[in-house]
Amino acid sequence: MLDDSAAYVDGPWDHRTVGAAGTRFHVAELGEGPLVLFLHGFPQFWWAWRHQMTALADAGYRAVAVDLRGYGGSDKTPRGYDLVTLAQDAACLVRALGAREAAVAGHGVGGLIGWTMTAYHPGTVRALAAVSAPHPRRAARVLLAGGLGTRHMLRAQLPILPEHRLLADGCARVGDLLREWSGPDWPDAEAEMLYRTAFSIPKVSHCSLEYHRWIARSRLRPDGLRYHARMGAPVRVPVLQLHGSLDPVCPPGTARASQGSVTGAYRWRGIPGAGHFPHEERPDAVSGALVEWLGDLPDGD
């Protein structure tokens with residue numbers, strides 16, 4: 001196993017640690033201008049957004065990608081992996097970065113966090129780009145679909161064994177998941193090795209699965225019922241949904257039904273030939289869509 005330095009991948013960005021919500025977060029930052037906060041999904045870390053960071057910085061934005069709680073170079077706390085706490089993390093991070101609000105881009109569970117921010121911390125979210133991430137009130141349809149996402153979620157509910165499976169053979173299972181959930185021809189060898197290496201950081205395998213355990217187990221608990229009720233509030237900020245046409249984890253139709261939860265400006269952009277990781281599988285298409293959409297937003301912080 002490695003230490004947190006495995007998350008500090010070299011590039012044109014700057015690395016630093018930011019304190020927010022009583023937790024330390026590792027961020028990579030590039031560019032100047034309105035803040036765009038990137039929230040990665042599973043089984044990745046901040047580096048998943050490298051293509052979009054450079055594209056947005058070139059377009060005049062301040063791109064900040066964070067390792068979520070329990071991942072990469074951020075704190076691996078014993079608890080705090082429910083979507084309410086994670087949304088608070090992101091909202092506090094916006095303020096800790098010196099901004100009043102940010103455009104938030106989230107993939108997978110990072111997208112669920114972004115959706116949650118719109119209900120719990122609406123003043124911090126200027127706009128939301130949800131990548132491969134249905135609105136949480138629509139996400140139950142993904143669990144009921146019986147696809148790859150359902151199978152992973154069910155396996156994650158077991159104690160200890162899923163963590164061991166992720167760590168076995170140099171985190172080979174992480175590479176398997178990337179291939180199973182993507183379209184053809186991704187990941188390349190560099191991406192697979194970096195994600196496997198980042199998952200070998202102590203406690204990441206356990207913390208990452210705690211996200212999925214809360215999502216599944218809370219559905220019939222009081223905290224989950226309160227969350228579901230709160231998420232019934234309409235999303236009033238502009239929303240862009242980006243979704244791969246071949247996503248085997250969340251069918252595009254299920255994700256697009258999220259429009260019913262949005263009363264603000266809404267835009268859907270399908271990414272042909274991409275699976276669950278369109279921002280990596282088709283980075284130019286996703287970066288271009290983000291730059292175009294951000295350029296159409298009213299002036300922000």
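Q: How do the residues lining the largest cavity divide into nonpolar, polar and charged?
A: This is a predicted model, where local features need pLDDT of at least 70 and side-chain atom pairs 80 or more, while totals for chains, interfaces and linings use all residues. Numbering runs from 1 along each chain as its sequence is written, and side-chain values use heavy atoms, with hydrogens and water left out. Lining residues have an atom within 4 Å of a cavity point, on a 1 Å grid where a 1.4 Å probe fits but cannot get out. Sorted by class (Asp, Glu, Lys and Arg charged; Ala, Val, Leu, Ile, Met, Phe, Trp, Tyr, Cys and Pro nonpolar; the rest, Gly included, polar), the lining has 8 nonpolar, no polar and 2 charged residues.

Q: Which helix gives the largest share of the lining of the largest cavity?
A: The cavity holds about 60 Å³ of space, counted as what probe spheres on the joined grid points fill. Among its lining residues are Phe-25, Leu-39, Val-66, Arg-69, Asp-89 and Ile-113. For helices, read DSSP runs of H or I with at least four residues, and for strands, E runs of at least two, numbered from the N terminus. The largest share, 4 residues, comes from α2.

Q: How many residues of α8 are buried?
A: Helix α8 spans residues 204–217, and its buried residues (under 20% relative accessible area with a 1.4 Å probe, protein chains only; over 50% is exposed, in between partly exposed) include Val-204, Leu-209, Tyr-211 and Trp-214. They pack against α2, α3, α5, α6, α7 and α9, going by heavy atoms within 4.5 Å. So is α8 mostly covered or mostly open? Mostly covered, with a buried count of 10 of its 14 residues.

Q: How many disulfides does the structure hold?
A: A disulfide here is a pair of cysteine sulfur atoms within 2.5 Å. The sulfur of Cys-92 sits 19 Å from the closest cysteine sulfur, in Cys-207, so that pair is too far for a bond. Cys-207 is in no disulfide either, as the nearest cysteine sulfur, in Cys-171, is 14 Å away. The count of disulfides is 0.

Q: Is Cys-207 buried or exposed?
A: Cys-207 belongs to the run of covered positions in α8. Cys-92, by contrast, is partly exposed at 27%. With a relative accessibility of just 2%, Cys-207 counts as buried.

Q: Which residue of helix α6 has a positive phi near 60°?
A: Most residues other than glycine have a negative phi, so a positive one is worth a look. Ile-160 has one near 65°, but Ile-160 sits in the loop between α5 and α6 and is exposed at 55%. The residue placed in helix α6 is buried at 1%, and with its phi near 60° it is Cys-171.

Q: Which residue comes before Pro-187 across a cis peptide bond?
A: Pro-43 follows a cis bond too, from Phe-42, with omega near 0°, and lies in the loop between β3 and α1. Pro-187 is in the loop between α6 and α7. Here omega is about 5°, and the residue joined to Pro-187 is Trp-186.

Q: Which residues does Ser-261 touch?
A: Ser-261 sits in the loop between α10 and β8. At 12% relative accessibility, Ser-261 counts as buried. Leaving out residues up to four places away in sequence, Ser-261 touches His-135, Arg-138, Pro-234 and Val-235.

Terms used
Expected span 1.5 Å × (residues − 1). 1 Å grid on protein atoms, 1.4 Å probe; cavity = no way out; pocket = protein on both sides within 12 Å on 5 of 7 lines; lining within 4 Å.
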